[in-house]
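Trainee: Please take one part of this model and look at it closely. Then show me what surrounds it.

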Amino acid sequence: MFAEIGRALALIVHRDVEVWQITGVSIAVSTSAVVAAVAIGLPLTYVLAGSGPRVTRVGMWCAHSAAALPTVVVGLTLYFVLSADGPLGWTKLLYTRTAMAVGQLVLTLPLLIAVVLGALHRLPASANEALVTHGVTPARRMAWLLWEVRTAIASATFLAFSRAFTELGSALIVGGNIRGATRTLTTYIALEYNRGDDARAIALGLILIAVALTANGLMHAFMTEQ
Amino acid sequence: MTRADRTLIRTRDLLVGYRRAAAAVPDVDLSPGLVWHVTGPNGSGKTALLKTIAGLLQPIAGSLERRFAQRSCRAIYVHSTPYLFAGSVRRNLSLARPAREHLESAAATFGLGPMLDRDATILSNGEQRRVALARAIAGRPQLLLVDEPEGGLDEEALAAWRACMVRAIEEGDTALVVATHRPIAFDGIPVREIRLLPYRT
């Protein structure tokens, strides 16, 4: 066991080219998924929060339910949608990084909406009323209110990144683990484990943990600053 | 121009409240140059009336006609427990995007000059109320609706608030509506009472 860990560390220290290329793909795919989730999720959440208590409750329930979706189910659904005879087969996105990012977007968007919607819901009504009564335009109102819940947004963003970065099911099914293209840390770990190359699997696992912990550290630094 | 021509708000058979009627409002024509004092026991709908006039609540029944001149800030409502946004006092005062001189004048009126760059959310209750009032006044509203304006203000802030409102009213471009249980007096400005009673079906 210790020998395997030693070999794993050696792979990292000696900068195994493939390991670092795969790390780059993982970070790029997960970052694009999270950026898309933030870009879509924040305006959507703001609209849900301002649509009355009933819509907010239903939105919260849907977001919580969708956040609990198993990654393989998301991957499988997306596979049927993107496969050649699926409704979006013509896009030829299956087994591409874009398909993997879309899968991770589906996984992270509900998480982001659930956390931010909860935070907006907890703001006193007087916050929005103060903006309305001072004649603040709808676009500026959204910016002011989202700024009030920025720590929740930061928390949700990093949680979303962690979920995207560490998921395996969707990436494996819609990415296909193609060497040099759609191979990510999690799909490569699964492959090396099946092959019996424990050292490489451990090295990849250590990098995965290091990146996830770095994201977590950044989140805590931001929240402490705020 | 007659006072009738300058009416900002005209109500007829107005019922206000949250989802269900809380108060029947006597017919009023709100015009500048006066202080309108909304009185009534707890739960009589004072806050609901102010919010309805400000456009934050819909009337339950009756009519409410707004006759504001074309200007960006028409009616500003100040909560009895105001919400201040994260960031500096200056950021809060800039909410209605006032001209710089209006912002600085409002800050000076309430003695906020030295604390413009302080975090607004860690101020005392009285200081937060001063910021909320200054924020509203900086927006130069045609109609200022203030819920319990004098709670938490010290004597100096009270005097500043009254003097500021007297000046604004005398200049003729602001009408003031105040909801409070206490008697109010503004030097030389007539006060009209709007007495609310809980609505009974």
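Mentor: Two residues are in contact if their C-beta atoms, placed from the backbone, lie within 7 Å. Keep that in mind for chain B. Among its contacts with a separation of 6 or more, 76% join residues 24 or more positions apart. This is a predicted model: local features need pLDDT of at least 70, side-chain atom pairs count only at pLDDT 80 or more, and totals for chains, interfaces and linings use all residues. Residues are numbered from 1 along each chain as its sequence is written, while chains are lettered from A and ligands numbered from 1 in the order in which they are written.

Start with the whole chain. Chain B has five helices and ten strands; these are DSSP runs, numbered from the N terminus, with at least four residues for helices (H or I) and at least two for strands (E). The C-alpha trace of chain B spans about 50 × 40 × 30 Å along its principal axes. Of its 201 residues, 42% count as buried. Buried means 20 or more other C-beta atoms within 10 Å of a residue's own; exposed means 12 or fewer, and partly exposed lies in between.

Now the close look. Our part is strand E7 of chain B, residues 143-147. Five of its five residues are buried, so the strand is largely enclosed by the rest of the structure. Look at the directions. B:Leu143, B:Leu145 and B:Asp147 point one way. B:Leu144 and B:Val146 point the other way.

Next, the partners. Two strands pair if DSSP finds at least two bridges between them. E7(B) pairs with E6(B) in the parallel sense, over four bridges. In that pairing, B:Leu145 is the bridge partner of B:Tyr77. E7(B) also pairs with strand E8 of chain B, residues 175-179. That pairing is parallel too, over five bridges. Here B:Asp147 has B:Ala179 in E8(B) as its bridge partner.

Now the core. A nonpolar core is a set of buried Ala, Val, Leu, Ile, Met, Phe, Trp, Tyr and Cys residues joined through C-beta atoms within 7 Å. The largest one has 59 residues. B:Leu145, from our strand, is one of those with the most contacts inside it. B:Ala134 and B:Val177 are the others named. Helix H4 of chain B, residues 125-138, gives the largest share of this core, seven residues. Another core, of 56 residues, lies apart from it, and includes A:Ala33 and A:Ile202.

Follow B:Val177 for a moment. Leave aside its neighbours within four places in sequence. B:Val177 is then in contact with B:Leu143 and B:Leu145 of our strand, and its other contacts include B:Leu30, B:Trp36 and B:Ile53.

Step over to the neighbouring strand, E6(B). The contact between the chains takes 16 residues from chain B and 13 residues from chain A. Strand E6 of chain B, residues 75-78, provides three residues, the largest share of the side of chain B that touches chain A. That side has twelve nonpolar, four polar and no charged residues. Asp, Glu, Lys and Arg count as charged; Ala, Val, Leu, Ile, Met, Phe, Trp, Tyr, Cys and Pro as nonpolar; the others, Gly among them, as polar.

For contrast, try strand E1 of chain B, residues 9-16, which holds B:Asp13. B:Asp13 is exposed, because 12 other C-beta atoms lie within 10 Å. Its phi is near 50°, a positive value in a residue other than glycine. Most residues other than glycine have a negative phi.
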